[in-house]
Amino acid sequence: MADSSFDIVSKVDKMEADNALHQAQKEISQRYDFKNVGASVDWSGEKFLLKASSEERVKAVLEVLEAKLIKRGISLKSLDAGEPYASGKEYRIEAGLKQGIAQDDAKKINKLIRDEAPKSVKSQIQGDELRVSSKSRDDLQATMALLKGADLDVDLQFVNLR
């Protein structure tokens with residue numbers, strides 16, 4: 001019997017992020033506590049750019065964006081928000097979306113699989129994703145359950161189970 005395998009990836013659907021951004025913009029334009037404070041959220045290249053007149057307001061804008069991302073099914077582990085900084089008369093936060101699994105995170109996942117997963121399971125790093133293979137599909141499913149339960153700093157998806 002041939003080996004079964006699956007890939008571990010960390011990707012964010014750009015359209016869902018865009019939808020969350022538009023929902024956040026709509027809520028910010030309608031909420032009373034954001035009137036006359038210059039609150040806004042928009043794309044700045046590949047990052048979100050949040051603006052407001054005070055540090056507290058820009059943090060509130062970030063909370064609105066986070067709520068909309070969660071509602072659209074995007075994990076907050078994928079959001080990389082910076083600290084508020086002053087820019088002229090306004091405060092800004094830049095927040096990026098993490099795509100792919102960083103090399104050090106991939107090594108942690110690889111070590112976790114090697115140490116705690118069933119012994120027939122093998123994993124290898126392929127760029128910004130991992131390929132996990134085994135002769136037993138049950139062992140692969142046990143590995144998925146192990147990784148879902150692990151406290152990792154990365155939002156993981158499991159694709160290409162075959």
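How far should the 17 residues of helix H2 (residues 55-71) span at 1.5 Å a residue? This is a predicted model, where local features need pLDDT of at least 70, side-chain atom pairs count only at pLDDT 80 or more, and totals for chains, interfaces and linings use all residues. Residues are numbered from 1 along each chain as its sequence is written, and side-chain values use heavy atoms, leaving out hydrogens and water.

**View 1. Helix H2 and its neighbours.** The answer is 24 Å, and the end C-alpha atoms of H2 are 25 Å apart, which agrees. (Expected span is 1.5 Å times one less than the number of residues; helices are DSSP runs of H or I, at least four residues, and strands are runs of E, at least two, numbered from the N terminus.) Among the buried residues (under 20% relative accessible area, 1.4 Å probe, protein chains only) are Val58, Val61 and Leu65. The buried set of H2 packs against helix H1 (14-30) and strands E2 (40-44), E3 (47-52), E4 (79-81) and E6 (90-97), with contact meaning heavy atoms within 4.5 Å. After H2 comes Gly73, with a positive phi near 85 degrees.

**View 2. The hairpin of E7 and E8.** Strands E7 (residues 122-126) and E8 (residues 129-134) run antiparallel, joined by 5 bridges; strands pair if DSSP finds at least two bridges between them. Lys122 has Ser133 as its bridge partner in E8. With 2 residues between the strands, Gly127 takes a positive phi near 70 degrees.

**View 3. Buried residues of helix H4.** Leu140, Thr143, Met144 and Leu147 are the buried residues of H4. They pack against strand E1 (4-9), helix H3 (103-116), E8 and strand E9 (157-159).

Key:
Buried means under 20% relative accessible area, exposed over 50%, partly exposed in between (1.4 Å probe, protein chains only).
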